[in-house]
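Here is a short report on the structure shown below. Please look it over first, then read on.

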Amino acid sequence: MISMKMLEIPLQIFRYREGEPPHYDIFTVQVADTAHVIDAMDAVWATRDRSFTFRRACHHSSCGSCSLRINGVEKLPCITRVMDVWDGHAPVRLDPLRNFPVVSDLVVDVSAFFQRMSAAGMTITRSAEPSLPLSVDDLAATGVLSRPVEVPESLSRFNRFENCIECAICMSACPTMATDEKFLGPAGLAAIYRARQKADNPSDVAHLLGLADGEHGVWRCHSAFECTAACPQAVDPAGKIMALRRELIARRFKVAARAAAVVPRTRNYSAPAGPTKHGGNGA
Amino acid sequence: MATLNYPKIRRAGRWFDVRRRRLGMWAYTLNRITGIGLVVYLYLHLGVLSLLARGQSSWDSFVSLARSPFYLGLDVVLLAGILIHGLNGLRIALTGFDVGVRAQKALFGILMLAAAVALIAAALKIFGD
């Protein structure tokens, strides 16, 4: 039997209501030492303040709706244990995601995030629940599958993006997003990368690479790699951005090489001096 | 529905917020600080060069000031900015070509170590002469 100890945990929560200045409220709630931060937030709502607003749904990092900042760092409170973020003294600070307008308390307007996903024409389907082992070999070891399944290399590359739960944590962690509202951002660019992998039609490929190559595309990234570090699903958006850059650069080199090959040489400076058929000296 | 949107100048403060962030964010912030510093220096440099238009005496008096330990210290600060920005820029260029993305933290560490070694050698030379 698991023994549980009850904790009195203080939470410092960002509060905002339309027409009121933003501020922090501190609530102390009682939760088990095995509790996750979302449990403490639920306790605040249930026992301290029914006007406290935040999003949550699945409670197991599948929906991505509860994403916020815990002590300044983007996390999913449904899989973050209280004991991992509380030092035993100072309140655990909860803030809404950055780079999105705040609607109320910890609720932000994430419509800009989904607009970016739509721009890539990306319909997201996940290959596995994140609470399960991501490797199929590990799945077999748990007995869920009867034998290991070999996944083609190309498919395993796809799976990294399929695991995106649309939590928008990467968009909050990205410092460049702070000052360029039109930047497609880590999630948008990772979606473009994934859609580009799937695209066969040259016009679709051109459209996707055109988006990535635009003013607010891959070139806005300045390699902070915070998106990859913060992603709770190991999607690695920064890696996808760099892969898109490589493809764009390679295409430019190819275009330049092709252009150089078709431009006729108008003068041959290495030709020996002498009369030409036009009567010049060939210099 | 009125949402809370912070002004851009306040949001730009997030460039410098490295609290509880990883090494990549420190590299990003260092690049911003040194980049802004080098732009400011460029304008100061152009201002100093304009002294040449005011004649030899103006220039000579500036040169004597520039030999003071304080100004030599500023030279070391300038060099630090150039080394950090340049070498970190090399890391950004390499990762931007999809080279060394997985090793970007180690790359940053090695390049900053090289910057530190070069800076110490340069500082010894500047103050030694």
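This is a predicted model. Start at A:Cys170. Leaving aside its neighbours within four places in sequence, A:Cys170 is in contact with A:Pro186, A:Ala187, A:Cys227, A:Ala230, A:Cys231 and A:Pro237.

A:Cys170 also belongs to the largest nonpolar core, which has 72 residues. A:Cys170 is among the members that touch the most other members, together with A:Ala40, A:Ala168, A:Ala187, A:Leu189, A:Ile192 and A:Leu244. Helix α7 of chain A, residues 185–198, gives this core its largest share, seven residues. Where does the core lie with respect to domain 1 and domain 2 of chain A? Domain 1 (6–108) and domain 2 (111–124 + 164–262) both give residues to the core, so it lies between them.

Next comes the contact between the chains. On chain A, 26 residues are in contact with 25 residues of chain B. Three elements of chain A each supply at least two residues of the side that touches chain B:

| Element of chain A | Residues |
|---|---|
| β6 | 102–104 |
| α9 | 226–230 |
| α10 | 237–262 |

The largest share of that side, six residues, comes from α10(A). By class, the side of chain A that touches chain B has 14 nonpolar, six polar and six charged residues.

Last, a look at one residue of chain B. B:Lys105 lies in helix α5, residues 104–128. B:Lys105 counts as partly exposed, because 16 C-beta neighbours lie inside 10 Å. In sequence, B:Lys105 and B:Gly24 are 81 residues apart. In space, their C-alpha atoms are 6.8 Å apart.

Notes:
Residues are numbered from 1 along each chain as its sequence is written. Chains are lettered from A and ligands numbered from 1 in the order in which they are written. This is a predicted model: local features need pLDDT of at least 70, side-chain atom pairs count only at pLDDT 80 or more; totals for chains, interfaces and linings use all residues. Helices (H or I, at least four residues) and strands (E, at least two) are DSSP runs, numbered from the N terminus. A residue is buried if 20 or more other C-beta atoms lie within 10 Å of its own, exposed if 12 or fewer, and partly exposed in between; C-beta atoms are placed from the backbone. A nonpolar core is a set of buried Ala, Val, Leu, Ile, Met, Phe, Trp, Tyr and Cys residues joined through C-beta atoms within 7 Å. Domain bounds come from an automatic or database domain assignment. Two residues are in contact if their C-beta atoms, placed from the backbone, lie within 7 Å. Ala, Val, Leu, Ile, Met, Phe, Trp, Tyr, Cys and Pro count as nonpolar, Asp, Glu, Lys and Arg as charged, and the others, Gly among them, as polar.
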